[in-house]
Every structure is written in C-alpha cells, then in structure tokens.
Amino acid sequence: MFYGLIMLIWLNSPLNENGGNMSALPQIGSSIGSLKKVDKTQNAIIVDYDSGKSMVEIFKTGIVHLTIQRGNSSRKSFAVIEKPEELSRYKVDADKDRISVSLKDGTVSYLPGTMGFSYFPKNGSNSVALTGIRFDDSGLVATFDIHGARNFYGLGEKTLPFNKYGSRATMWNSDFPAYSARLDPLYESIPLLLKADTSGAYGLFFDNTFRSAFDIGASDSDRLVYKAAGGAFELYLITGKNAAEVVQRFSELTGKMPMPPVWAIGYQQSRWSYYPEQKVLDLAHGFRDREIPCDVIYLDINYMDEYKCFTWSPKDFPTPENMLDTLHDLGFKVVTIIDPGIKDEKGYRVYDSGLNENVFVKKTDGNYFIGQVWPGDCVFPDFLNEKTRKWWGEQYRFLLGYGVDGFWNDMNEPSVFNTSNKTFPLDAVHELDSGTAEHSEVHNVYGMEMARATREGLEKLEPNKRPLVLTRASYAGGQRYAAMWTGDNFASFAHLKLALAMFLNIGVCGQPFIGSDVGGFIGNPDAELFSRWLEFGCFSPFFRTHSVINSAQREPWAFCAGGASAFGGDSCSFTKINREIINRRYEMLPEIYTAFRNASQDGLPILRPLYLCFPDNEEAYKISDEFLFGSNLLVAPVLDSGVVSRRVYFPDGTWSSIYDGQRFESGWHEVDAPLGRTPVFVRDGAILFTQSVIQSTSEQADTLILSVFTDTTTKGSTYFDDGESMAYKSGDFLDMRVSYDSGSHGELLRFSSKGEFKPQYKFLAIDMVERTLPRQGVMKTNDGQEMKGKISKVKNGFVRLTFPFSTKVESISVK
Ligand code: GLC
C-alpha cells in the first residue's frame with residue numbers, strides 16, 4: 001500500500017540543539033514540486049521534479065539506494081564503497097507511475113508521483129514503506145510505516161536499550177565523559193537501523209552526515225520518523241534472508257575491517273598517563289616479573305611537550321628512543337595518543353608547517369577557527385580535504401622514527417572545551433575534495449576522516465606493516481580505518497552492562513573491532529568490578545585497561561586486600577585471578593585471531609548477538625547480556641556485583657563449559673560463575689583451537705591445542721599468518737582445516753591446508769572426549785613419516801595426544 005504524503009507529527013525534536021530549528025510541524029505536500037520526467041541511465045533511474053530529483057540505484061548485494069533531494073544537495077558518500085550495478089542485470093519496470101525492482105529476497109517499489117517507497121519481502125515478513133517526505137529550511141523529515149515490526153537493532157554506539165524499538169536517537173558525534181544510560185548522542189554516528197525477528201530482516205541505512213534523529217515507534221507505535229538537519233534523503237535499503245545476511249551486505253557496501261597486527265589483539269595497558277619514562281619501564285617490568293601477559297603500553301597526553309602533537313616532553317621523556325628499544329626488547333609495543341587540536345603557536349614545527357600548507361579549518365571570515373583543547377588555543381586540520389590528509393599522514397614519520405608502533409586518535413568528534421556547542425562553529429568552512437561544506441554537514445565524519453588520514457599516512461610510511469589506529473569518533477564505514485572504543489565510561493557495574501549492550505549494536509553496524517576502558521575510565525573500580533570487567537575484556541575484540549588522570553593504580557596486580565597498591569603485592573588472590581583471566585586471552589589467541597580473520601572477510605561481528613547466529617530462535621532477539629564470540633563460543637559475562645552464579649540462556653544445541661566440561665542443553669540454566677571465571681561455553685561439534693600461554697605475541701607458544709567437542713563427526717578450521725606484515729595478502733598465510741570422524745574402527749582426524757605460512761609451534765596436542773578404552777594415536781605426514789602420540793589425561797573428561805608440530809600433518813588416527 002502507498003500512502004502519499006502525510007502530516008508528520010513529532011513534538012520532541014532533538015534536532016533543535018545545534019542543528020537547526022525543526023520545531024515547526026512539517027506540512028502536507030512535497031517541497032520539491034511536481035513530477036516532470038523519469039529517465040533510465042545505465043546504472044540509475046532518475047526522476048526529475050520542478051525543484052529536485054530522485055534516483056534509484058541497485059547494488060549486487062541486494063541493496064537498493066533511493067536518493068530524494070531538493071535542488072542539488074546529494075554528495076558523494078563518505079561511507080559507501082560499493083558501486084551500483086547496471087540496471088539491465090535486474091528485473092526493473094520503470095514508468096511515471098511506478099518503478100519496481102525484483103530482488104532475490106523481495107520487491108522494491110518507488111512511486112515517482114508521491115515519492116512512496118516500499119519493500120515487500122518474499123517470505124511474507126514485515127514490509128516497510130516510506131509514506132511521506134518533506135524538505136524545508138530546517139532540513140528534511142521522512143516517515144515510514146513499519147507494519148508491525150517491533151525489533152530494531154543497530155544505530156551504532158548508543159546507551160539506549162538493546163532493542164531500539166520505542167526509542168529516540170540522535171546522530172551528532174559528542175564527547176560526554178561519564179555518560180549515562182540513555183544519554184544520547186555519543187562519540188560515534190552509524191545511522192544503520194536493522195529490523196530483525198524470526199520472520200526476517202532488513203536494514204535501513206540513512207547515509208546523511210548532518211545532525212539527524214530517529215523516532216522508532218516512540219511517538220507513534222507503527223511509525224519510524226527520520227529527520228536530518230540538511231542535505232539529501234539518502235536511503236539504502238538492505239535486503240537479506242536474515243540479520244546476518246543484512247549485516248554482511250552492509251559490510252560489502254561500507255567496507256571491511258582490515259586485518260590488524262596480532263599484538264593489537266593481545267592485552268593492553270593504558271592510563272592517563274604513565275610518565276615519566278622510568279614509570280613506563282617499571283610498568284613493563286611489573287608485567288614481566290609477575291608473569292602477567294601484556295602486549296601494549298599506551299602513552300596518553302603527558303608524553304608530549306605541553307600537549308603538542310608529534311613532540312616528546314623533554315622533561316619526562318628525554319630519551320624516548322632508548323625507552324622504546326627497551327620496551328621492544330621486553331616484548332611490548334607502544335601506542336601514543338594524537339589529538340586533532342594543534343597548538344596555535346608560532347615556531348612549533350607542526351603548526352608552522354600546517355600554516356604553510358594551509359590545512360587548518362577556517363571560519364566564514366577567512367580566519368582560522370581557534371578553539372581550546374589540552375594545549376590551550378588550537379587550530380584544527382581539515383581532514384575532509386585530501387591535501388590535509390596527506391599532510392597529516394606525513395606527520396607520523398616523527399613518531400615512527402622513534403619506534404612507536406600504533407596510534408590512538410582522540411577528541412575527534414571534534415571536541416572543543418570553550419565553544420558553547422562544544423565543537424566547531426556550525427558554519428566553519430571545510431574544503432572537501434570537491435566543493436566546500438559547512439561544519440554542520442561534515443561534523444559526523446570529521447573523526448572518521450582523521451582516522452582515515454592516520455591510516456593512509458601510516459600505510460604510506462610503512463607499507464609492509466599493518467597499522468593499529470584506534471579512534472573515539474567515527475561514522476559508518478569507519479571500520480576500514482580504525483578500531484574504536486566506547487570513550488569515557490565510568491567504574492560501575494551499570495557501565496559494564498552498557499558496554500556489552502553498546503558492543504552488540506555497534507557490531508551489527510559493520511565495526512567488529514571494539515572495546516571499552518576496562519574497569520571504567522572515571523572512578524576507581526574495586527577488585528571485584530575490575531576482575532569482572534577484565535573477564536569481559538578477555539572476550540572483547542579490543543582488550544585495554546585505561547583510567548583517568550589521578551585515578552588509583554589499575555594494573556592487574558594493584559587490587560590486593562587493603563586497596564590498590566602501586567606496583568606492589570603480587571601474591572594476593574586478585575592478582576592471581578587477574579593473571580588467569582589474561583592468560584586465558586593468550587590461550588584463546590588462535591581462536592580469537594581466526595575470528596578476526598573471518599570478520600575481515602565476511603564482515604560479521606566478532607562479538608555477536610545471539611539472534612545473528614540463531615535467527616529462528618525467538619528468545620535470541622531478547623538476550624542482551626550474553627553473546628557469541630566468533631562461531632564456537634557462548635559467553636555470559638557476570639554483570640552484577642556480589643554474585644557467583646547467573647542465569648544463562650543456551651540457544652539450540654548442547655554447550656560445554658570451558659572450565660569443567662559441564663554440558664548444558666538449550667534453555668535457561670543457573671550456572672556457576674566464581675570470580676575469574678566468566679561463564680564460557682563451547683558449541684557441541686566445535687573444534688576449538690587454543691595454545692599454551694605466552695607473555696606477549698612477540699613470543700612463540702609451544703603447543704597448539706585442538707579440542708574436539710564431539711564424539712561423532714565434525715569439521716573446524718583456524719588461520720595463521722606472520723601477524724604483522726602484509727605478506728598474508730599474497731598467500732603467506734595458513735588456513736588449517738581439520739575434519740574429525742569417529743566410527744567402530746576408531747577415530748580419524750584429517751588435515752588439509754591452504755597457504756604457505758609455517759607456524760613455529762613445537763607440539764600439536766589433540767584433546768578428545770575420554771573413553772574407556774586405552775587409545776593410541778598415530779600421526780602421518782605428507783612426506784611419509786609416522787609418529788606415535790603421547791597420551792596424557794587433561795581436565796574436563798578429555799584425554800590428550802601430543803605430537804611434534806608439523807604443517808605437513810595429513811592425518812591422525814586413534815584406536
Ligand atoms: C579523553 C579520552 C581519554 C584520555 C583523555 C586524555 O578523555 O577519552 O581516553 O585519557 O582524553 O587524553
């Protein structure tokens with residue numbers, strides 16, 4: 001059904017702040033005049049109106065793009081990298097009355113006369129229809145009939161409820177330290193709304209970078225209302241048979257996370273700030289002396305000279321190259337923070353060079369915009385501009401020269417201390433790659449473009465190294481450039497819960513590489529909260545402890561009885577618990593690295609909501625306190641204080657605890673969860689790949705362990721490469737596939753592999769379900785060798801067969 005244009009009523013308009021006045025109720029009637037003609041080009045159907053245009057394009061991923069613009073307001077997308085297809089490949093009917101496109105999963109129609117747009121999925125699940133759109137001087141308002149749909153997810157980094165139905169949300173990148181539940185907007189804007197339930201799924205991606213707002217059934221239960229403070233209406237309708245397919249297609253549209261260096265998925269320690277040099281070195285020794293694994297140390301703003309980017313403090317870091325050498329020798333990588341604000345100071349190298357190259361953002365009067373951040377008065381690079389991005393990328397040469405390994409882009413919403421709107425003036429001028437734009441139009445992409453400039457610069461300066469860029473602000477597509485973290489959270493169990501709810505929704509918006517400040521940035525966690533958060537961090541894609549200036553010590557050994565003790569007291573039980581948790585991250589590394597590899601290829605999140613993997617399970621759409629990590633693990637973190645067990649929902653199948661092998665059938669169960677042991681379960685039928693503990697990824701683990709979680713038949717695979725270079729792109733990786741079969745003649749594991757990379761493990765251990773008969777295992781390699789395995793008993797009712805490690809392994813037979 002089509003509804004023509006209707007009166008849109010939306011009283012509580014979040015667009016009124018900063019983004020233009022939208023309080024006047026929109027009127028009936030199109031604001032772009034009447035229909036003039038419909039044309040078909042090779043890749044688009046274009047409809048002309050008196051004072052505007054609309055356009056329909058189709059992507060091979062089953063995505064239809066509808067633009068409706070007043071005048072000529074459509075811009076090249078910052079998010080989309082996929083190209084539209086030739087229309088001749090599709091069944092498209094187009095005339096003045098109706099344009100209709102038949103896709104695998106349903107039919108899309110656009111009525112040029114009324115601008116009605118609708119999607120009817122083939123499987124009879126909820127349709128969705130754009131029933132009205134209006135442009136006026138304060139932007140655009142569009143309304144949709146959601147036809148009974150009640151489950152909506154996505155919208156990126158939001159502290160709103162897990163299911164967004166019934167919520168209002170705003171997209172305007174904002175710095176809100178110690179934000180609370182439902183405080184909106186925050187640092188990032190990813191305007192993708194995912195409808196998903198057991199009947200089916202679709203995505204609506206609103207690719208407009210102005211301040212925008214959503215009302216998802218909050219004012220009117222069957223309507224979705226979308227507003228933007230300017231620009232064109234750019235809707236990508238993403239079809240698919242279920243949520244996972246929609247998410248995968250969105251990642252084809254906006255790009256995938258590149259493979260990070262392996263050290264960036266190890267444990268990382270940060271603080272505002274570790275300084276001076278000696279403190280940093282003590283910290284590094286603190287980890288190694290206590291045998292608590294750690295890969296990365298972060299240097300926050302105090303490493304700089306008066307907070308000036310691309311400098312070292314001569315007082316606190318007089319010999320950075322020596323410090324970096326020592327840290328590297330100890331197996332650490334170092335990441336430094338870099339903010340966009342460049343101190344407004346003649347004689348400061350970076351400022352002078354930027355002035356010379358004319359790279360800073362200007363006000364309408366042609367003078368530079370000056371705003372205060374950490375160094376005081378600052379100018380800001382215009383990352384929207386290619387020349388500026390190149391200039392910015394080049395600045396990293398300075399820190400790379402000292403051996404710095406990775407970069408953390410912060411304050412890039414952009415956040416400014418002394419302006420009334422806490423950011424740039426809305427009319428500040430950005431020089432885009434083509435044309436100019438006011439800040440109000442590009443505010444939401446400024447942070448992403450900073451991360452882009454950083455990554456592109458690093459790739460140019462060190463072309464054979466995989467960069468780690470971490471960003472606080474971003475937009476749809478930001479996964480192409482940087483990992484992200486959820487900003488300045490708070491040390492409370494409530495915030496721990498928020499972190500998970502945020503991750504679950506960011507993940508389905510194309511960004512798999514996410515983390516939160518472990519322990520909470522502001523405030524001081526007690527020992528219990530810290531360990532619980534560490535347990536959750538262990539299964540977060542990005543795993544970093546970070547805390548505000550002057551906070552209590554937050555090292556894993558700082559929580560002994562009697563409070564946090566600086567760098568002391570490693571014998572207490574909390575230290576032991578924290579060590580075990582971090583050890584687990586390193587044991588799980590083969591599984592985690594493979595999950596990263598898969599995400600970089602298929603675009604699915606690493607940390608997944610249950611409904612993504614169990615789309616037919618009604619309950620899965622409600623669960624916001626559990627997640628799947630990769631494809632084999634179910635994690636049910638403890639998110640409340642004072643508890644040592646929790647209720648866990650097990651989706652379809654049987655699941656075994658990683659701690660004691662206890663098996664659970666689908667449904668709800670009360671599960672033990674003593675401190676240090678966040679409930680984690682392996683799917684029946686999985687082959688889990690783990691390894692012996694290492695102190696950092698610069699070390700080689702001795703043993704690769706394959707645990708077979710079935711006694712019938714199954715398959716599994718894992719991925720290896722050198723963890724740091726780009727060589728994997730030209731075949732230097734190893735995709736190891738294993739099949740397992742058990743019958744009356746014994747058990748057989750068959751190995752096959754793709755790629756040339758040779759992991760350097762010494763041993764291959766196979767853990768199998770224990771049986772009454774004594775067993776003997778024989779490994780055969782493809783060069784004709786045979787070796788007998790050593791048998792030992794391991795925990796959880798498993799027996800272990802150990803062989804020398806060989807990439808030539810062809811089979812292991814057990815009788
Ligand atoms: C911002 C960041 C925080 C950092 C601080 C100082 O608040 O979000 O992580 O420590 O700035 O640089």
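Buried means under 20% relative accessible area, exposed means over 50%, and partly exposed is whatever falls in between. Keep that handy for the exercises below, which work through a predicted model.

**Exercise 1. Is Asp 602 buried, partly exposed or exposed, and what does Asp 602 touch?**

Step 1: place the residue. Asp 602 sits in helix H11, which covers residues 589-602.

Step 2: apply the cut-offs. The relative accessibility of Asp 602 is 23%, so Asp 602 counts as partly exposed.

Step 3: look at the surroundings. Leaving out residues up to four places away in sequence, Asp 602 touches Gln 248, Ser 251 and Lys 256.

Step 4: try a longer distance. Asp 145 is 457 residues from Asp 602 along the chain, and their C-alpha atoms are 31 Å apart.

**Exercise 2. Take Phe 596: buried or exposed, and with which residues is Phe 596 in contact?**

Step 1: find the element. Phe 596 is in helix H11.

Step 2: check accessibility. The value for Phe 596 is 0%, so this residue counts as buried.

Step 3: list the contacts. With neighbours within four places in sequence set aside, Phe 596 is in contact with Met 257, Met 259, Pro 260, Ile 265, Phe 513, Pro 541 and Ile 606.

Step 4: pick another Phe. Phe 709 is 113 residues from Phe 596 in sequence, and the C-alpha to C-alpha separation is 22 Å.

**Exercise 3. How far apart in sequence are Arg 75 and Glu 441, and how do their side chains meet?**

Step 1: start with the chemistry. Side chains of opposite charge can pair when their charged atoms come close.

Step 2: check the pair. Arg 75 and Glu 441 meet in a salt bridge, at 2.5 Å from N to O.

Step 3: map both ends. Arg 75 is in the loop between strand E4 (63-70) and strand E5 (91-94), while Glu 441 is in helix H7 (residues 439-461); the two are 366 residues apart, so the pair links distant parts of the chain.

Step 4: compare with the cut-offs. Arg 75 is partly exposed at 33% relative accessibility, whereas Glu 441 is buried at 12%.

**Exercise 4. Which parts of the chain does the pair Lys 158 and Asp 184 tie together?**

Step 1: get the distance. The closest N and O atoms of the Lys 158 and Asp 184 salt bridge are 2.7 Å apart.

Step 2: locate the partners. Lys 158 belongs to the loop between strand E11 (152-154) and strand E12 (167-171), and Asp 184 to the loop between E12 and strand E13 (188-189), so the bridge ties together parts that are 26 residues apart in sequence.

Step 3: check burial. Lys 158 is buried at 1% relative accessibility, and Asp 184 is partly exposed at 21%.

Step 4: widen the view. Asp 175, Asp 410, Glu 413, Arg 472 and Asp 488 are joined into one network by salt bridges that share partners. A search of the whole structure turns up 47 salt bridges.

**Exercise 5. Where do the cis peptide bonds before Pro 276 and Pro 414 lie, and what is phi of Asn 358?**

Step 1: recall the background. Most residues other than glycine have a negative phi, and most peptide bonds are trans.

Step 2: take the prolines. The bond from Tyr 275 to Pro 276 is cis, with omega near -5°, and Pro 276 lies in the loop between strand E19 (268-269) and helix H2 (277-290). The bond from Glu 413 to Pro 414 is also cis, with omega near -5°; Pro 414 lies in the loop between strand E25 (406-409) and strand E26 (429-431).

Step 3: turn to phi. Asn 358 has a positive phi, near 60°, and lies in the loop between helix H4 (349-357) and strand E23 (371-373). Asn 358 is partly exposed, at 40%.

**Exercise 6. Why does the chain count as being as compact as a globular protein of its length?**

Step 1: count the elements. The chain has 12 helices and 50 strands.

Step 2: compare radii. The radius of gyration is 27 Å, close to the 28 Å that the globule rule gives for 815 residues, so the chain is as compact as a globular protein of that length.

Step 3: add burial. Of the 815 residues, 62% count as buried.

Technical notes. Residues are numbered from 1 along each chain as its sequence is written. This is a predicted model: local features need pLDDT of at least 70, side-chain atom pairs count only at pLDDT 80 or more; totals for chains, interfaces and linings use all residues. Side-chain values use heavy atoms; hydrogens and water are left out. A salt bridge is a side-chain nitrogen of Lys or Arg within 4 Å of a carboxyl oxygen of Asp or Glu. Helices (H or I, at least four residues) and strands (E, at least two) are DSSP runs, numbered from the N terminus. Buried means under 20% relative accessible area, exposed over 50%, partly exposed in between (1.4 Å probe, protein chains only). The radius of gyration is taken over C-alpha atoms; the globule rule is 2.2 Å times the number of residues to the power 0.38. Contact means heavy atoms within 4.5 Å.
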